[in-house]
Amino acid sequence: MKKHSLILAIVIVLSFAQSAVFAQTDTTFTGAKATLKSYNALYIINSNDDKRIRGTLRNMANALQDPRLAGKLHLELIAFGDGTAVYMKNSAYEPLLLALKAKGVILAQCNNTLRERKIDKAELFPFISFVPSGNGEIILRQYDGWAVVHP
Amino acid sequence: MKKHSLILAIVIVLSFAQSAVFAQTDTTFTGAKATLKSYNALYIINSNDDKRIRGTLRNMANALQDPRLAGKLHLELIAFGDGTAVYMKNSAYEPLLLALKAKGVILAQCNNTLRERKIDKAELFPFISFVPSGNGEIILRQYDGWAVVHP
Amino acid sequence: MKKHSLILAIVIVLSFAQSAVFAQTDTTFTGAKATLKSYNALYIINSNDDKRIRGTLRNMANALQDPRLAGKLHLELIAFGDGTAVYMKNSAYEPLLLALKAKGVILAQCNNTLRERKIDKAELFPFISFVPSGNGEIILRQYDGWAVVHP
């Protein structure tokens with residue numbers, strides 16, 4: 001009987017302890033959970049403001065390092081309008097772009113902007129890809145189920 | 001027979017009236033319809049501009065009061081980068097934040113920004129939650145099926 | 001026999017040419033693919049900055065002309081807050097708006113903003129539609145599966 005009482009007491013204590021843990025888990029919000037094996041996100045840059053460009057590139061690096069997404073996240077950067085500045089050969093962003101490219105990031109430029117602004121592809125870094133329009137890319141990627149981030 | 005004719009006449013008139021109502025409904029666009037029982041949305045703030053911060057908080061209150069969404073909408077606010085200003089203890093946003101929190105809004109801060117800018121959690125309002133990175137949160141919430149709004 | 005050899009030669013040359021085209025297509029990223037029959041996108045304007053307004057309207061026209069989406073894309077523009085400027089009768093945007101409307105674009109205004117700023121509907125162009133709140137529209141359209149673009 002003593003043994004049974006002891007077991008009963010342990011069960012009661014454990015169930016209380018579990019409730020306490022559950023209560024703590026419920027009251028402390030620590031962010032969304034990553035339950036899938038892979039994630040895709042399209043980042044948008046359409047400004048030539050140096051702070052915004054650097055912020056966007058840093059945000060991409062941060063997303064790749066988020067412990068919830070590390071090793072599961074594939075990124076694409078689409079530049080259009082004034083944002084084309086990020087890919088111009090005379091810009092200072094080459095090392096930041098190459099660091100992202102080394103992590104598998106696709107660097108894409110809107111062809112529409114090049115045509116409207118009479119910019120030759122040769123004026124951009126040689127490691128850039130081209131898409132028909134930045135806006136089409138944004139719409140299609142959302143339909144592909146990608147997350148879209150415009151910092 | 002007269003009675004039947006009367007009923008027939010009423011039916012004809014009513015069906016015409018219904019067509020008229022349908023025609024009016026079809027030609028007048030009054031916005032998307034809320035057909036689900038619950039909705040989730042993540043709001044983003046990454047600017048310390050007072051007008052933008054107040055605009056974002058007002059937008060959240062407006063979304064909660066939209067007659068299509070009232071009582072069905074759950075919100076989260078994620079602050080990162082310069083947007084961390086909204087949660088700093090010395091800021092003027094406490095009453096606006098507490099009003100949102102009273103309506104069930106989760107107020108979340110990016111840990112990455114705190115680390116990069118050497119901001120201690122104790123410098124923020126005590127009712128804030130923390131997530132590994134704001135960008136990870138934006139990506140994961142979209143995969144969770146949430147709407148994401150960056151006003 | 002000569003005839004057969006000629007045909008064979010042509011087939012060989014054509015298949016090589018095709019391989020070359022495929023090789024180029026495979027190694028060069030050219031953007032997301034449009035595999036569906038129709039697409040919907042909501043564009044957002046909440047700024048009265050002339051450059052941003054014109055940029056948003058131009059972006060919409062560009063998306064409609066993207067060869068991947070041409071003839072498949074249906075657009076809605078939602079204006080709220082300062083963005084209401086785009087629909088004011090005294091503005092210069094009427095021809096641009098009418099050009100979009102002629103392509104089937106829904107032009108929608110947030111009623112909430114009109115109430116908050118005491119703007120009468122009669123002050124806006126007569127071809128505008130109204131929705132309860134711009135923020136509600138943004139959330140509901142994402143749940144409808146629409147792409148949302150905030151240039």
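## How the copies are related

What rotation superposes chain C on chain B? In this predicted model, a turn of 120 degrees does the job, with 0.0 Å of shift along its axis and an RMSD of 0.1 Å. The two copies are therefore related as by a three-fold rotation axis. Within chain C, H150(C) has the C-alpha nearest that axis, at 4.7 Å from it.

It is worth checking which surfaces the copies use when they touch. Here they use different ones: 4% of the contact residues of chain C recur in chain B.

## How much surface is shared

Let's look at the interface itself. Chain C brings 24 residues to the contact, and chain B brings 28 residues. The size of an interface is often expressed as the accessible area that is lost when the parts come together. For chain C and chain B, the buried area is about 2000 Å², and carbon and sulfur atoms give 57% of it. On the chain C side, three residues stand out: I139(C), L140(C) and Y143(C) supply 33% of the area that chain C buries against chain B, more than any other three residues.

## Bridges and polar contacts

Which residue of chain B forms a salt bridge with D82(C)? The partner is K51(B), and the closest N and O atoms of this pair are 2.6 Å apart. In total, two salt bridges are counted between chain C and chain B. The interface of these chains also has 12 residue pairs in polar contact, counting pairs where both residues are at pLDDT 80 or more.

Now for the elements on the chain C side. At least two residues each come from β3 (106-110), α4 (111-116), β4 (129-131) and α5 (134-143) of chain C. The largest share of the side that touches chain B is from α5(C), with nine residues. Sorted by class, this side of chain C has 10 nonpolar, eight polar and six charged residues.

## Helix α5 in chain B

Turn next to chain B and its own helix α5, which spans residues 134-143. Is this helix mostly covered or mostly open? The helix is mostly covered, with nine of its 10 residues buried. The buried residues are G134(B), N135(B), G136(B), E137(B), I138(B), I139(B), L140(B), R141(B) and Q142(B).

Follow the chain just past the end of α5(B) and you meet G145(B), which takes a positive phi of about 90 degrees.

Technical notes:
Residues are numbered from 1 along each chain as its sequence is written. Chains are lettered from A and ligands numbered from 1 in the order in which they are written. This is a predicted model: local features need pLDDT of at least 70, side-chain atom pairs count only at pLDDT 80 or more; totals for chains, interfaces and linings use all residues. Side-chain values use heavy atoms; hydrogens and water are left out. Contact means heavy atoms within 4.5 Å. Buried area is the accessible area (1.4 Å probe) that two parts lose on being put together, summed over both. A salt bridge is a side-chain nitrogen of Lys or Arg within 4 Å of a carboxyl oxygen of Asp or Glu. A polar contact is a pair of N or O atoms within 3.5 Å; within protein, one must be able to donate a hydrogen and the other to accept it, and residues adjacent in sequence count only if both atoms are side-chain atoms. Helices (H or I, at least four residues) and strands (E, at least two) are DSSP runs, numbered from the N terminus. Ala, Val, Leu, Ile, Met, Phe, Trp, Tyr, Cys and Pro count as nonpolar, Asp, Glu, Lys and Arg as charged, and the others, Gly among them, as polar. Copies are superposed by least squares on the C-alpha atoms of residues with pLDDT of at least 70 in both. Buried means under 20% relative accessible area, exposed over 50%, partly exposed in between (1.4 Å probe, protein chains only).
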